[in-house]
Amino acid sequence: MASDSVVDDETRLQYLQAMGIEVWVPRRNRAAVSIEPVEAAVEPKQQEETIENVAEMPVEDNWDDLERQVAACRRCQLCETRTQTVFGSGNKQADWMLIGEAPGQSEDLEGKPFVGKAGQLLTEMIRAMGLSRDQVFIANVLKCRPPGNRDPKSDEVEACREFLQRQIALVQPRIILAVGRIAAQNLLQTQDPLAKLRSVVHKLDNIPLIVIYHPAYLLRSPLEKRKAWEDLQFAMKTFKGLN
Ligand code: SF4
């Protein structure tokens, strides 16, 4: 058991380093180090913020219908400028669901969420939590790219909301990570800044929701990666508390 733990910690250390996060361990001691979760500045607390009831989705709903409907969707103006829709990817029965704001240029071209440099960093963040991309489901609030990567407009979010609700209802995740401020604000229907949204267990239709930094922001602001790691630890601690 002890040796497994050491191997896990060594691996996690590598992922943290890949994220660009310094872990304060003397080099000679790394083989034996145990990376203890840093206590989040704020203890988990419940904050009830809900959107419409995803449990009310039709019971006969299924992935094939949903994917077909998204691919053909013309409910908002983004259908005019997209290369293709970006449905989402990963484990359709995942415990963890990650939700970003919208596809960017690389995602629009490849048809997958979180690719390119930001996607690589998100993959490292997922690995740092001891998971792989195959173990989580990743989606966006919007399924089509806003031109020039502008923020989603409220009417677009409203038009696309049902698709995300149906994805959540089908995955039935145990915990949701809102990736970045824009995703969090749209999911929680608030204008609160990220600083206020972090380190709090929100609820999205009774599913715990934690807000984490967007990897694209972390690429621009590498000094924030330490806080990003604290958010991931807070999420892991919250998930562990669910079991
Ligand atoms: S963003 Fe959503 S609602 Fe708008 S066209 Fe794309 S799939 Fe349809």
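**Close-up views of a predicted model**

**View 1. A hairpin of β6 and β7.** Opposite H202 stands L209, a residue of strand β7. The structure shown is a predicted model. Strand β6 covers residues 201-204 and strand β7 covers residues 207-212. The two strands run antiparallel and are joined by 3 bridges. Another facing pair is K203 and P208, with P208 in β7. Between the two strands of the hairpin lie 2 residues. In this turn, D205 has a positive phi of about 50°.

**View 2. The setting of β7.** Is β7 enclosed or open? Strand β7 is largely enclosed by the rest of the structure, because 5 of its 6 residues are buried. Strand β5, residues 175-179, also pairs with β7. This pairing is parallel and has 4 bridges. Here L177 is set opposite I210 of β7.

**View 3. A195 and V211.** A195 belongs to helix α7. Is A195 buried or exposed? A195 is exposed, because its count of other C-beta atoms within 10 Å is 9, and a residue with 12 or fewer counts as exposed. V211 is 16 residues away from A195 along the chain. The C-alpha atoms of the two are separated by 9.8 Å.

**View 4. Strand β4 and its partners.** Strand β4 spans residues 136-140 and is mostly covered. Of its 5 residues, 5 are buried. Which residues lie on each face of β4? V136, I138 and N140 lie on one side, and F137 and A139 on the other. Both faces are covered. Strand β2, residues 89-90, pairs with β4 in the antiparallel sense over 2 bridges. S89 has I138 of β4 as its bridge partner. Strand β3, residues 96-100, pairs with β4 in the parallel sense, with 5 bridges. In β4, N140 is the residue opposite G100.

**View 5. I99 in the nonpolar core.** The largest nonpolar core has 60 residues. Which of these residues touch the most other members? They are I99 and A178. Helix α5 gives this core its largest share, 7 residues. Domain 1 (1-36) and domain 2 (39-242) each supply at least three residues to the core. Leaving out residues up to four places away in sequence, I99 touches A139, N140 and V141. Its contacts also include I176, A178 and V179. A183 and L187 are further contacts of I99.

**View 6. The shell around the ligand.** How many residues surround the ligand? There are 14 of them. The closest are C73, C76, K143, C144 and C160. Helix α5, residues 154-171, contributes the largest share of the shell, with 3 residues. By type, the shell holds 9 nonpolar, 1 polar and 4 charged residues.

**View 7. R161 on helix α5.** R161 is part of helix α5. Why is R161 called partly exposed? R161 has 16 other C-beta atoms within 10 Å, so it is partly exposed. That count falls between the limits of 12 or fewer for exposed and 20 or more for buried. L187 is 26 residues away from R161 in sequence. In space, the two are 9.1 Å apart, C-alpha to C-alpha.

**View 8. Two loop residues with positive phi.** F114 is not a glycine, and its phi is positive, near 50°. F114 sits in the loop between α3 (105-110) and α4 (116-128). F114 counts as buried because it has 27 C-beta neighbours inside 10 Å. Q189 is not a glycine either, and its phi is positive at about 55°. Q189 lies in the loop between α6 (181-188) and α7 (194-197). Is Q189 buried or exposed? Q189 is exposed, because 11 other C-beta atoms lie within 10 Å.

**View 9. The whole protein.** The protein has 243 residues, of which 38% count as buried. It has 9 helices and 7 strands. What share of the contacts with a separation of 6 or more comes from residues 24 or more positions apart? That share is 79%.

Terms used. Residues numbered from 1 in each chain as written. Predicted model: local features only at pLDDT ≥ 70, side-chain atom pairs only at ≥ 80, totals over all residues. Near = placed C-beta within 6 Å. Nonpolar A, V, L, I, M, F, W, Y, C, P; charged D, E, K, R; others polar. Pairing = 2+ DSSP bridges. Core = buried A, V, L, I, M, F, W, Y, C linked by C-beta atoms within 7 Å. Domains from an automatic or database assignment. Contact = placed C-beta atoms within 7 Å.
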